[in-house]
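Visitor: I should like a close look at a single part of this structure, taken slowly and in a connected way. Please begin from the question I put below.

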Amino acid sequence: MNLPKTFLTTTTVGSFPKPDYLKKARTQFSKKEITREELEKLEKRATQEIIQFQEKLGLDILVDGEMYRGDMATFFAEHLTGCKISGLVRSYGNRYYRKPVVIGKLEWPGPITVDWWKYAQSLTHKPVKGMLTGPYTMMDWSFNEYYSNRRDTALAFSEVIAQEALALEKAGAVCIQIDEPAVSTKPEELPLAIEALSRVTQNLKAKTISHMCYGEFAKLYPKLLDLPVQQLDLEMANSDYDMIELFKKFPFTKEIGLGVLDVHNHAAEPKETIKKRIQTIFEVIPPERIYVDPDCGLKTRTLEESETKLKNMVEAVKELKKELLTYA
Ligand SMILES: [Zn+2]
């Protein structure tokens, strides 16, 4: 399996909406009304459906849709030795969620996502991304009751995530995304995030991507370019491409995962709008270093909304490619 040698490669960030039958099954499983095997059967069915959905849309690099996950931090924490999950904690507003708690030495118990990746990859001839949560974010989103400080905790997470990343690569993943959405919330800790992530990516040959999610990137830029990954995936549509001015001052030296769909907005962006958004970036980054995707995961949208948005995105890229080749 090789990555497409092209330009304006299309992909998505990771999550897709879970179908109703799976939401229902997850509730039933939490009440012990169905078995783990029964739940897993439906998670596999949903994964298969979302792979077909992406193939039909004509996306270049696929994701497994995260049908088997709830929250991106607790999913990993549930599987790690040295971690447990807290009771319900209140977050912003009235949402409650569970947080990982580090209660002992963190250890990798063996592959966590590899079987899911292999399953998703077996359903398509297009590359499927490996998807991990980065060490800085795992540390920042956990309670720590074992290590003496934030750095030690982050570096302990690095060790286990590095092993998972290598296992994905060994299984055949040519593209591994290591999400670090917490980085933008504490700019003063960027050096720690860089140190922690470098221990994950240092021995990888696969293409490495980090999704940064929302935040005040202006405070982190250009230092952000020191994150040891080949591609930074940035939310750009929601913030109306205000980073471009910074890119003019300090050249963006990596590949960019360019968010062109605002996932907080129900309405699908017209094709022409998406084309303009991509063209704006040509001014500062050449097409061969641009990957086109939504701002963030699509799990908060309906499948129908995701479909219309992505259809327009793929169409927009198709037309732009044609224009670029004609005028080349
Ligand atoms: Zn995001």
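Which residues touch the most other members in the largest nonpolar core?

Guide: The model is a predicted one, and what follows should be read accordingly. The residues in question are Phe157, Leu224, Leu234 and Phe247, within a largest nonpolar core of 99 residues. The element that gives the most to this core is helix 6, residues 150–171, with nine residues.

Phe247 merits a closer description. Leaving aside residues up to four places away in sequence, Phe247 touches Tyr221, Leu234, Met236, Phe252, Ile256, Val284 and Ile285. One of these partners, Leu234, is itself among the four residues that touch the most other core members.

The setting of this core is a chain with ten helices and ten strands. Of its 328 residues, 55% count as buried. Among contacts in the chain with a separation of 6 or more, 75% are between residues 24 or more positions apart. A compact globule of 328 residues would have a radius of gyration near 20 Å, and the 19 Å of the chain therefore agrees with that expectation. Along the principal axes, the C-alpha atoms fill a box of roughly 60 × 45 × 40 Å. The chain exposes about 15,200 Å², of which carbon and sulfur atoms supply 51%.

The metal site offers a second view of how the chain is held together. The zinc ion is coordinated at 2.1 Å by NE2 of His211, SG of Cys213 and SG of Cys296. Along the chain these donors follow the spacing H-x1-C-x82-C. Cys213 belongs to strand 7 (residues 207–213), whereas Cys296 sits in the loop between strand 10 (290–294) and helix 10 (303–327), so the pair ties together parts that are 83 residues apart in sequence. Both of these cysteines, Cys213 and Cys296, are buried; for Cys296 the relative accessible area is 16%.

The remaining point concerns disulfides. A disulfide is a covalent bond between the sulfur atoms of two cysteines. A search of the whole structure finds zero of them. For Cys175, the closest cysteine sulfur is that of Cys296, 17 Å away, which is too far for a bond. Cys175 is also buried, with a relative accessible area of 1%. Cys296, by contrast, has its sulfur among the donors of the zinc ion.

Key: Residues numbered from 1 in each chain as written. Predicted model: local features only at pLDDT ≥ 70, side-chain atom pairs only at ≥ 80, totals over all residues. Heavy atoms only, no water. Core = buried A, V, L, I, M, F, W, Y, C linked by side-chain atoms within 4.5 Å. Buried < 20%, exposed > 50% of the residue type's maximum accessible area, 1.4 Å probe, protein only. Helix = DSSP H or I, 4+ residues; strand = E, 2+ residues; numbered from the N terminus. Contact = heavy atoms within 4.5 Å. Donors = N, O, S within 2.8 Å, 3.2 Å for Na, K, Ca; no water. Disulfide = S-S within 2.5 Å. Rg over C-alpha atoms; globule rule 2.2 N^0.38 Å. Areas by Shrake-Rupley, 256 points an atom, 1.4 Å probe, with all protein chains shown as cover.
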